[in-house]
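Visitor: Please take a close look at one part of this model, the enclosed space and the charged side chains around it, and then set that part within the rest of the chain.

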Amino acid sequence: MVLKTFGWSFAITALGLVAAVLYGGWEAFGIVAILCVLEISLSFDNAVVNAGILKKMNAFWQKIFLTIGVLIAVFGMRLVFPVVIVAISAKIGPIEAVDLALNDAERYEQLVTDAHPSIAAFGGMFLLMIFLDFIFEDRDIKWLGWLERPLAKLGKIDMLSVCIALIVLAISAMTFATQAHQHGGTHIDAASTVLLSGVFGLITYLIVGGLSSYFENKLEEEEEREHEAEEEAKRSGKKVTAVQLAGKAAFFMFLYLEVLDASFSFDGVIGAFAITNDIVLMALGLGVGAMYVRSLTVYLVRQGTLDDYVYLEHGAHYAIGALAAILMVSIRYEIPEIVTGGIGVALIAWSFWSSVRRNKALAAAEGGAADKTEVSSGV
């Protein structure tokens with residue numbers, strides 16, 4: 001089952017790591033491996049959400065999502081989008097950006113370094129909003145209850161996450177950005193650049209979130225209409241064709257999934273800039289990671305077991321928050337790549353371990369309750 005589901009991902013992993021060694025040696029191998037783990041870690045909750053919606057779709061639309069959806073996710077968001085980010089931030093054409101990445105690595109690296117404050121501000125704000133909206137939401141299951149309970153109460157204040165994000169952006173622009181560019185006899189007004197880029201990152205998050213909510217509402221409307229049509233058909237004795245109803249509902253499911261997947265993959269792409277500026281390594285690592293996310297989605301649909309590890313979603317979002325902080329700090333200070341990747345992996349591992357402990361405690365409690373029941377019945 002595992003080999004059947006993850007076979008293509010294993011093959012792509014081997015090819016990607018070999019390509020990394022040929023491209024940049026063992027250092028490149030390590031960077032690609034970290035990017036792959038980071039993408040899987042950040043997108044685990046994406047796979048869980050995808051699986052919950054995908055299981056409602058018929059076989060045809062599942063194939064559409066797992067074929068066309070893979071092309072959009074891997075080649076669109078993970079390969080093309082990093083080029084677009086570099087092209088816009090460095091004010092060069094996409095073709096020139098790719099050409100520089102492949103043929104003039106020194107100049108490309110310099111362009112990316114010069115554009116790093118705007119990239120970091122844009123991505124930092126986007127990631128920070130994802131993290132803040134998560135921790136301010138009141139959830140039934142809490143991982144770090146001592147922290148999440150009071151934050152959930154604060155989350156009832158409207159637009160609190162936006163206000164906090166703007167405050168963080170203003171502080172970063174007045175400290176990290178200004179101080180980072182006061183050297184070399186020239187002063188670049190990076191504060192305004194950081195502010196503008198951060199605001200665009202915030203706007204992008206709000207747009208993506210708005211689109212996701214729109215398609216989610218459409219999905220709920222279609223499901224309600226489908227239920228009403230089925231009830232009417234039962235009362236009138238008419239037969240409702242399942243294909244038509246599945247087609248309507250599945251179409252909106254597919255649109256919603258693509259927007260949702262784009263928003264989740266966006267944080268992986270932005271987070272990758274905290275690890276490397278090499279667009280080739282970025283494409284290899286994120287592309288391999290995206291394949292595992294798709295395979296994991298299929299596995300969750302077919303098995304339905306990994307969702308028992310309830311704290312993994314929390315760990316992924318705390319990793320997103322850590323990446324947001326690292327990106328903002330990296331406007332001035334250089335953060336080692338191993339630290340950036342290691343923090344995300346450590347948080348995911350911690351949340352997984354906590355989930356395992358929770359499951360064992362619940363199983364022990366259920367076993368103890370069953371023993372008491374048997375003793376009571378015996379008496």
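Guide: In what follows, a residue is buried under 20% relative accessible area, exposed over 50% and partly exposed in between, with a 1.4 Å probe and protein chains only. By that scale Asp 138 counts as exposed, because its relative accessibility is 54%. This is a predicted model, in which local features need pLDDT of at least 70 and side-chain atom pairs count only at pLDDT 80 or more, while totals for chains, interfaces and linings use all residues. Residues are numbered from 1 along each chain as its sequence is written, and side-chain values use heavy atoms, with hydrogens and water left out.

The structure holds 1 cavity of 30 Å³ or more, where a cavity is a set of points, on a 1 Å grid over the protein atoms alone, at which a 1.4 Å probe fits but cannot get out. The space in the largest cavity is about 50 Å³, a volume being the space filled by probe spheres set on the points, which are joined across faces, edges and corners. Its lining (residues with an atom within 4 Å of a point) consists of Phe 134, Ile 135, Glu 137, Arg 139, Lys 142, Glu 148 and Ala 152. At least two of the lining residues are supplied by each of helix 4 (105-135) and helix 5 (145-154); helices (H or I, at least four residues) and strands (E, at least two) are DSSP runs, numbered from the N terminus.

Charged pairs belong to this picture as well, since the whole structure contains 2 salt bridges, each defined as a side-chain nitrogen of Lys or Arg within 4 Å of a carboxyl oxygen of Asp or Glu. In one of them, Glu 137 pairs with Arg 139 at 3.1 Å, N to O, and both of these residues are also in the cavity lining. Glu 137 counts as partly exposed because its relative accessibility is 41%. Another salt bridge joins the side chains of Lys 142 and Asp 138 at 3.2 Å, N to O. Lys 142, itself a lining residue, has a relative accessible area of 21% and is therefore partly exposed.

Following the chain beyond helix 5, one comes to Met 159, which lies in the loop between helix 5 and helix 6 (160-180). Met 159 has a positive phi of about 60 degrees although it is not a glycine, and with 53% relative accessibility it counts as exposed. Most residues other than glycine have a negative phi.

Helix 4 spans residues 105-135, and a contact partner from much later in the sequence is Ala 324, in helix 10 (residues 312-329). Apart from its neighbours within four places in sequence, Ala 324 is in contact (heavy atoms within 4.5 Å) with Gly 124, Leu 127 and Leu 128. The C-alpha atoms of Ala 324 and Gly 124 are 4.4 Å apart, although 200 residues separate the two along the chain. Ala 324 has a relative accessible area of 2%, so it is buried.

As for the wider setting, the chain comprises 11 helices and 2 strands, and they follow one another as α-α-α-α-α-α-β-β-α-α-α-α-α. Of its 379 residues, 45% are buried, and among contacts with a separation of 6 or more, 82% are between residues 24 or more positions apart.

Key:
1 Å grid on protein atoms, 1.4 Å probe; cavity = no way out; pocket = protein on both sides within 12 Å on 5 of 7 lines; lining within 4 Å.
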